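Trainee: I should like to examine how descriptive terms are justified from computed values. May we work through one structure together?

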Amino acid sequence: MDLETVIYRNSIKEKSWTTVLTLAYQSLGVVYGDLSTSPLYVYKSTFAEDIQHSETNEEIYGVLSFVFWTLTLIPLLKYVFIVLRADDNGEGGTFALYSLLCRHAKVGLLPNIQQADEELTEYTKDGTVPIDKKNVGLVLKSMLEKHRVLQRVLLVLALIGTCMVIGDGVLTPALSVFSAVSGLELSMSKEQHRYVEVPVACVILVFLFALQHYGTHRVGFLFAPVVMTWLLCISAIGLYNILHWNPHVYEALSPFYMFKFLKKTQRGGWMSLGGILLCITGSEAMFADLGHFSQLSIKKNTYLQIAFTCLVYPSLILAYMGQAAYLSKHHAIESDYRIGFYVSVPEKIRWPVLVIAILQAVVGSQAIITGTFSIIKQCSAMGCFPKVKIIHTSSKVHGQIYIPEINWCLMLLCLAITVGFRDTKRMGNASGLAVITVMLVTTCLMSLVIVLCWHKSVFLAICFIFFFGSIEALYFSASLIKFLEGAWVPIALSFIFLIIMCVWHYGTLKKYEFDVQNKVSINWLLGLGPTLGIVRVKGIGLIHTELVSGIPAIFSHFVTNLPAFHQVVVFLCIKSVPVPHVRPEERFLVGRVGPKEYRLYRCIARYGYRDIHKDDVEFEKDLICSIAEFIRSDTSDHGLGFESFEDDTKMTVIGTSSSNSEGVRMCEDEQDISQMEGASELREVKSPKKVKKRVRFVVPDSPQIDLEARKELQELMEARDTGMAFIMGHSYVKAKRGSSWIKKAIINYGYDFLRRNSRAPTYALSIPHASTLEVGMIYHV
């Protein structure tokens with residue numbers, strides 16, 4: 001059984017409580033690590049410059065009140081109890097919400113979507129119900145489907161959120177590790193600390209990114225104990241500080257202290273909100289990391305909601321209350337470190353806590369790094385990011401991946417931020433803007449999900465976006481005002497990634513439009529006759545194309561310029577659909593191009609944006625078996641006339657060979673197969689003098705197939721045994737004459753550069769070079 005089927009079956013079978021608790025235990029290290037790190041730097045960033053800690057304690061109480069209500073409303077109420085329910089069949093993140101909207105409102109810009117894709121199980125798995133025609137949601141849906149501009153705005157909005165997640169993947173590790181290491185300042189002089197802090201932080205960052213190739217499975221088990229220890233540590237320290245210094249600090253949880261805080265500090269208090277919002281960093285990573293664990297343990301099972309409510313949330317509240325209690329009795333701290341986490345730690349345990357904090361910073365960074373991997377894979381599958389190498393690090397959980405190029409890019413950018421800023425304040429300003437921007441995007445997309453996917457009232461969606469949007473807009477304004485003090489970094493990084501995504505998506509669309517406009521008419525093919533006007537030799541010619549219908553122009557080049565071509569021709573299209581996973585039994589769409597005697601087939605392999613793309617002989621085997629199964633089950637009459645072939649979009653859904661135990665199977669062995677029971681066989685007899693694997697199709701006895709289909713299967717088997725040739729187009733995309741200089745710059749330079757430096761399709765990497773023929777074509781778009 002192949003890896004894909006094993007992973008799929010593992011994802012749908014009922015998991016035992018042991019498995020659920022194990023996955024949830026791992027999630028503490030990967031999902032909640034970032035959120036749990038925030039006590040290291042929130043107070044320090046808040047009191048960095050804009051406000052001062054005074055004898056009245058109004059500032060520290062106001063900040064504590066803001067932290068408490070922000071943690072309660074955003075991570076707990078919005079994300080844990082609302083947003084996590086909007087997963088896309090177990091997948092989370094900005095692009096998962098966009099994919100959900102694409103299915104329910106048909107606002108996606110993928111060019112090769114077919115009607116058959118909407119019949120996939122995952123399309124309706126989330127329980128789509130018809131919308132009342134009088135519902136305002138129907139008006140919103142039709143408006144989005146009708147106006148192309150609104151669809152582009154929605155895509156750009158999703159891309160902005162994605163780019164900010166990537167920017168957060170650069171900033172959060174640098175901020176977390178640097179904040180943890182800065183605790184060394186309390187045990188050494190200022191001069192010594194200056195030369196130790198940055199090198200130590202850089203070494204830890206290099207170690208962190210070097211760990212990534214081991215995968216979430218191993219990293220999760222390594223990090224979960226650290227998070228548990230850290231949460232227990234900060235909650236114990238917080239409880240000690242509350243009882244020892246100020247048992248009445250709980251009074252600051254009243255919203256009244258927020259009002260007093262803003263009334264006294266005014267503009268300075270508003271600007272300090274940029275530091276307060278750091279208490280919710282990691283909330284979006286919690287959503288984006290859903291795919292790294294099963295849907296059962298993250299969404300359907302309430303373990304993580306209980307874990308957050310009963311462990312993570314109270315631990316963080318106790319930590320912040322403990323720091324506030326300590327600071328309320330210490331107004332003159334004689335240290336350049338000023339107000340921070342470590343000053344509230346009892347001196348006797350400061351060194352052990354420092355070690356745990358550094359380990360926790362590494363864990364906290366892991367959450368956003370894995371979230372970055374997930375969201376880039378989604379973008380690449382949806383045609384919005386260049387192809388990159390994706391390594392699946394687990395054979396049991398489908399979402400655990402590692403992307404080498406992105407990993408090392410993030411590491412270099414993290415090191416540059418750490419060395420360049422050397423300051424928690426500016427790092428915090430940068431990270432805060434990235435975090436709050438992603439949250440605003442999620443709020444906007446969620447309001448659409450409430451109406452279009454959940455079919456709730458528009459009033460409820462307006463309440464959602466108004467309530468949470470107003471809170472986040474307040475924090476966003478406080479972060480944006482610090483543009484020159486570090487907040488420019490996420491904007492610059494996001495702008496670069498947004499340009500890359502938009503250029504790649506635009507170039508991909510234009511290339512596909514050129515293919516559609518220049519595809520060959522079926523009438524031209526029918527005019528050539530069954531031999532196509534050339535000699536047909538044994539073998540299979542596999543022609544890769546992006547088209548889901550029609551004949552690609554590359555094929556006409558072969559027929560008109562080559563004296564011979566293969567006996568069997570397969571037009572192969574490998575495409576992504578806006579669902580996270582396509583079931584193995586729904587993997588292929590197979591149909592004919594022309595009459596039976598032409599031996600021309602079209603095969604469309606469909607993958608979700610989280611599926612594994614096979615890169616070995618299994619894909620070839622599944623491909624041939626799917627065509628054989630189509631021949632066996634094909635009941636259409638293709639001998640009545642040529643007029644019925646003008647529409648070649650009629651296709652049959654065929655599963656992979658491993659998912660269809662009752663279908664045609666292909667066997668390769670050197671054994672005597674004459675005694676096989678329960679099935680009829682089509683075999684090719686080999687000379688005993690030459691030892692070679694024998695290829696055969698094992699065909700079920702029921703239903704019986706006619707002689708014509710048996711002959712067609714025999715020819716396919718002989719062609720497969722002779723060998724396969726892979727014909728791939730090597731496209732050179734150029735802007736056509738008369739195009740604007742902007743379009744020429746985007747296509748001729750931007751898209752061309754990205755195309756030359758992107759990865760080839762995964763299946764193409766394993767094709768023997770001797771069997772590959774690349775045909776160069778110039779696309780004038």
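The dialogue below takes several descriptive terms in turn and sets each against its cut-off.

Mentor: Please bear in mind that this is a predicted model. The chain has 27 helices and 12 strands, and buried residues make up 60% of its 781 residues. Of the contacts with a separation of 6 or more, 84% are between residues 24 or more positions apart.

Trainee: Why are α13 and α20 called roughly perpendicular to each other?

Mentor: Two packed helices are described by the angle between their axes and the distance between the axes. The axes of α13 (residues 267-276) and α20 (residues 458-480) cross at roughly 100° and come within 8 Å. Angles of 65 to 115 degrees count as roughly perpendicular, and the pair is therefore given that description.

Trainee: Which residues make the contact between these two helices?

Mentor: Helix α13 contributes W270, M271, L273, G274 and I276, while α20 contributes L474, Y475, S477, A478 and S479. By class, the residues of this contact comprise 7 nonpolar, 3 polar and no charged.

Trainee: What makes one side of α12 the buried side?

Mentor: In α12 (residues 256-265), the buried residues are Y257, M258, F261 and T265. Their directions span an arc of only 105° around the axis, so they lie on the same side of α12. An α-helix has 3.6 residues a turn, so residues three or four places apart point the same way. On the other side of α12, F259 and K263 are exposed.

Trainee: What covers the buried residues of α12?

Mentor: The cover includes α5 (58-80) and α13. Just after α12, Q266 has a positive phi of about 55°.

Trainee: What makes a positive phi worth reporting, and which other residues show it?

Mentor: Most residues other than glycine have a negative phi. N57 has a phi near 65°, a positive value in a residue other than glycine. Likewise, the phi of R422 is near 50°. N57 is in the loop between α4 (42-46) and α5, and R422 is in the loop between α18 (404-421) and α19.

Trainee: Is N57 buried or exposed, and how do you know?

Mentor: The relative accessible area of N57 is 9%. Buried means under 20%, so N57 is classed as buried.

Trainee: How do you know that C102 takes part in no disulfide?

Mentor: A disulfide is a covalent bond between the sulfur atoms of two cysteines. The cut-off for the pair of sulfur atoms is 2.5 Å. The closest cysteine sulfur to that of C102 belongs to C384 and is 9.1 Å away, which is too far for a bond. The structure as a whole holds 0 disulfides.

Trainee: Why do C102 and C310 receive opposite labels, buried or exposed?

Mentor: C102 has a relative accessible area of 6%, which is under 20% and therefore buried. C310 has a relative accessibility of 59%, which is over 50% and therefore exposed.

Trainee: Why is I113 given the label between those two?

Mentor: The relative accessible area of I113 is 31%. That value is neither under 20% nor over 50%, so I113 is called partly exposed. I113 is in the loop between α6 (94-105) and α7 (121-124).

Trainee: What contacts does I113 make beyond its sequence neighbours?

Mentor: Leaving out residues up to four places away in sequence, I113 touches K575, S576, V577 and P578. The C-alpha atoms of I113 and V577 are 7.0 Å apart in space, although the two residues are 464 residues apart in sequence.

Trainee: What makes V451 buried, and where does it sit?

Mentor: V451 is in helix α19 (residues 424-452). Its relative accessibility is 4%, under the 20% limit, and V451 therefore counts as buried. Neighbours within four places aside, V451 is in contact with G137, L140, K456, S457, V458 and A461. V451 and A461 are 10 residues apart in sequence and 6.6 Å apart from C-alpha to C-alpha.

Trainee: How do you know that E715 falls within the buried class?

Mentor: The relative accessible area of E715 is 17%. This is under 20%, so the label is buried. E715 is in helix α25 (residues 707-722) and, neighbours within four places aside, is in contact with Q567 and R599.

How values were computed:
Residues numbered from 1 in each chain as written. Predicted model: local features only at pLDDT ≥ 70, side-chain atom pairs only at ≥ 80, totals over all residues. Heavy atoms only, no water. Axes fitted to C-alpha atoms, helices over the stretch in contact; angles between N-to-C directions. Helix = DSSP H or I, 4+ residues; strand = E, 2+ residues; numbered from the N terminus. Parallel < 35°, antiparallel > 145°, perpendicular 65-115°, else oblique. Contact = heavy atoms within 4.5 Å. Nonpolar A, V, L, I, M, F, W, Y, C, P; charged D, E, K, R; others polar. Buried < 20%, exposed > 50% of the residue type's maximum accessible area, 1.4 Å probe, protein only. Arc of directions from axis to C-beta.
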